[in-house]
Amino acid sequence: MGLSNVSVSPRLNLFSFCQAHHRVNPRSHRRSQRIMDSGRPNMNGTAATSSSFPGVEPSRRVFFGRSVFRKRDYRTLVSDAEPSYSDEEGEFVVRHGGRIALFSSITVAFAVMNRVLYKLALVPMQRYPFFLAQISTFGYVAIYFSILYGRYRAGIVTKEMLSLPKSHFVGIGLLEALGVASGMASAAMLPGPAIPILSQTFLVWQLIFSALILGRKYSINQILGCFLVACGVVMAMARGVDHGQMFAQGDFIWPMLMIASSGFQAVASVIKEFVFVDASKQLKGRSLDIFVVNSFGSGFQALFVLLLLPLLSNLRGIPFAELPSYLKDGAACFLNIEANVSGCEGAPFLPLLYIAVNMGFNISVLSLLKMSSAVVTSLVATLSVPISIYVLTLPLPYLPQSDPLSPFFAAGSAILVLGLLLYNLSRPATEHQNKTD
C-alpha cells in the first residue's frame, strides 16, 4: 500500500478509546492495524525512525504485543507514480526501480540503434559528415521548440516552467558547444583507437562534478563499479592495438584536449540534473517537462556552435570561404535530388532515419536522467558500446563485412556488466546512508 494512501483521524481516535477501556474488537483492530502499518517504511520488523520520515515524530503504542506508530504530523507526499526530491540533499529519489529499469532498457535500445544507424548514415554522407552534424544541431532546435509549443498549448508545459531562469541553459549550451569544438580539434590529431579510450574519462568527470555541484556521496563500490565499466569498454574495443605507441602520433596537448572535451560534456549533463532538482523546488514539487530543457539547451548550443562555425569548419578541413559551397553540395547529397550526384545511395532514407532515432535517443537519455542521475544515465548508455560493436559485425546493408571480434570482446563485456551490477547494487545502501546522515 502506497504512502500517499495513509489516512488518520477517526481510526486513531478509536485506538485511543479502545486502549483506555482495555476492550478491542479484533476485527476493527485488524482493519485499523493495516491502516497504521501502511505508513511503515520498514517491512522487516524494524522500527521506523524520524530519519525515515523527515519532520515526523513517531509515537509508539503496543496492541496485542505488536508495536504500531502513530504519526503526529504528516508531510505532503507525492504519489508513487511521480518521483520526489529530497529538500535536505537536493537528490532525486525514485520510489519504484521498475521505471528506471524500463527507461534504461529503452535508452540502451535507442543507443544501440543510434550508433548503428550513424554508421549507416555515413555511407551516403561519407563526404559530408560535417553537414550531417550541422543538420542535427540546428534541425533539432526547430523540432524541439515545435514540440514544446504543442505541449504548452496542451497545458503540459506551464508559464512557470517557461519563466525559469535561462542562465543554466546558457551554461549547458556553451559547455556542449565547447565539448564539440575541443573534441573535434583533438580527434583530428589523435589516432583512432585513442579516442574511445580517452572518452571513458567522461565517467570520472561525472563523479567529480556530481560530488561538487550536487553534493553527492559515492561509496567505494560505486566508484569501483564505474572504473570497471570504463575498463570493460576499453577492453571490449581493443583490436590488437599497440598501446605503447598509441599516443606517439600526437603531442601531449591533444589527449588532454580530448579529456577536457569529455569534462565539458560531463559538466553539462550534471547541470541538467541540477536543473530538474532546482526546478522542482521553484515549481513547488511539480516536475519540469523534459522538452523545456531539451529546447532551450539545444537552442543555446546551436547559437554557440554558430559563433564557432568558422573554427569548426577549419578543424574539419573546410575553409570558411568554401563552406557555403560545401553545405550546398551536402544538401544535394542529403536529399539525393540531383542526377549528377554520385555516391549518395541510401539518402535521404538512412540520414533521416538516423536523425529520428538520434532524437529519440536524446529524449530517452534526458528522461532517464530526470528520474535517476547523470552517472546512472552514462553507465546505461555505456552498456550499448559492446552491443553496438557486436551488431556491426553482422551482415548489414550498405556496410562491408566487419572484422571478427577480438578475444578481448567477451572479457571486456563481462567486466562492463560486472561494473554496472556493482554500481547499481550499491545504490540503495548508499542512498539510505546519505539520508540517515
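**Figure 1. One disulfide is counted in this predicted model.** The bond joins cysteine 333 to cysteine 344, with an S to S distance of 2.0 Å. Cysteine 333 sits in helix α13, residues 323-335. Cysteine 344 sits in the loop between α13 and α14 (349-371). The two cysteines are 11 residues apart. Both cysteine 333 and cysteine 344 are buried. The torsion about their S-S bond is about -120°, so the disulfide is left-handed.

**Figure 2. Two further cysteines, cysteine 226 and cysteine 231, are shown for their accessibility.** Cysteine 226 has a relative accessible area of 3% and is buried. Cysteine 231 reaches 29% and is partly exposed. The cut-off explains the labels: buried means under 20%, and partly exposed lies between that value and 50%.

**Figure 3. A cis peptide bond joins alanine 347 and proline 348.** Omega is about 0° at this bond. Proline 348 belongs to the loop between α13 and α14. Cysteine 344 of the disulfide is placed in the loop between α13 and α14 as well.

**Figure 4. Helix α15 packs against helix α16.** Helix α15 covers residues 374-382, and helix α16 covers residues 384-392. Their axes are 5 Å apart and meet at an angle of about 20°. Angles under 35 degrees count as roughly parallel, so α15 is roughly parallel to α16. On the α15 side, the contact is made by Val380, Ala381 and Thr382. On the α16 side, Ser384, Val385 and Pro386 take part. By class, the contact has four nonpolar residues, two polar residues and no charged ones.

**Figure 5. Lysine 272 is a buried residue of helix α10.** Helix α10 spans residues 253-282. Is lysine 272 buried or exposed? Its relative accessibility is 17%, so lysine 272 counts as buried; the cut-off is under 20%. Which side chain makes a polar contact with that of lysine 272? The partner is glutamate 176, at 3.0 Å. Lysine 272 also touches Ile172, Val293, Leu366 and Leu369, leaving aside residues up to four places away in sequence. Glu176 is on that contact list too.

**Figure 6. Glutamine 206 in helix α8 makes a polar contact with serine 378.** Helix α8 runs over residues 201-213. Glutamine 206 has a relative accessible area of 1% and is buried. Its side chain and that of serine 378 are joined by a polar contact of 3.3 Å. The residues touched by glutamine 206 include Ala266, Ser269 and Val270. Ala374, Val375 and Ser378 are touched as well. Residues up to four places away in sequence are not counted here. Helix α15, residues 374-382, is the one shown packing in Figure 4.

**Figure 7. Alanine 121 lies in helix α3 and is buried.** Helix α3 covers residues 97-121. The relative accessibility of alanine 121 is 0%, so the residue counts as buried. Which residues does alanine 121 touch, not counting residues up to four places away in sequence? They are Leu132, Leu350, Pro351 and Tyr354. Leucine 353 is 232 residues away from alanine 121 along the chain. The C-alpha atoms of this pair are separated by 8.1 Å.

**Figure 8. Lysine 284 and tyrosine 398 each have a positive phi without being glycine.** For lysine 284, phi is about 60°. Lysine 284 is placed in the loop between α10 and α11 (290-307). With a relative accessible area of 80%, lysine 284 is exposed. For tyrosine 398, phi is near 75°. Tyrosine 398 is found in the loop between α16 and α17 (408-436). At 48% relative accessibility, tyrosine 398 counts as partly exposed.

**Figure 9. The whole protein chain holds 17 helices and four strands.** How many of the 437 residues count as buried? The share is 43%. Contacts between residues at least 6 apart in sequence were also sorted by separation. Of these, 77% join residues at least 24 apart.

Notes. Residues numbered from 1 in each chain as written. Predicted model: local features only at pLDDT ≥ 70, side-chain atom pairs only at ≥ 80, totals over all residues. Heavy atoms only, no water. Disulfide = S-S within 2.5 Å. Buried < 20%, exposed > 50% of the residue type's maximum accessible area, 1.4 Å probe, protein only. Axes fitted to C-alpha atoms, helices over the stretch in contact; angles between N-to-C directions. Parallel < 35°, antiparallel > 145°, perpendicular 65-115°, else oblique. Contact = heavy atoms within 4.5 Å. Nonpolar A, V, L, I, M, F, W, Y, C, P; charged D, E, K, R; others polar. Polar contact = N/O pair within 3.5 Å; in protein donor to acceptor, adjacent residues only side chain to side chain.
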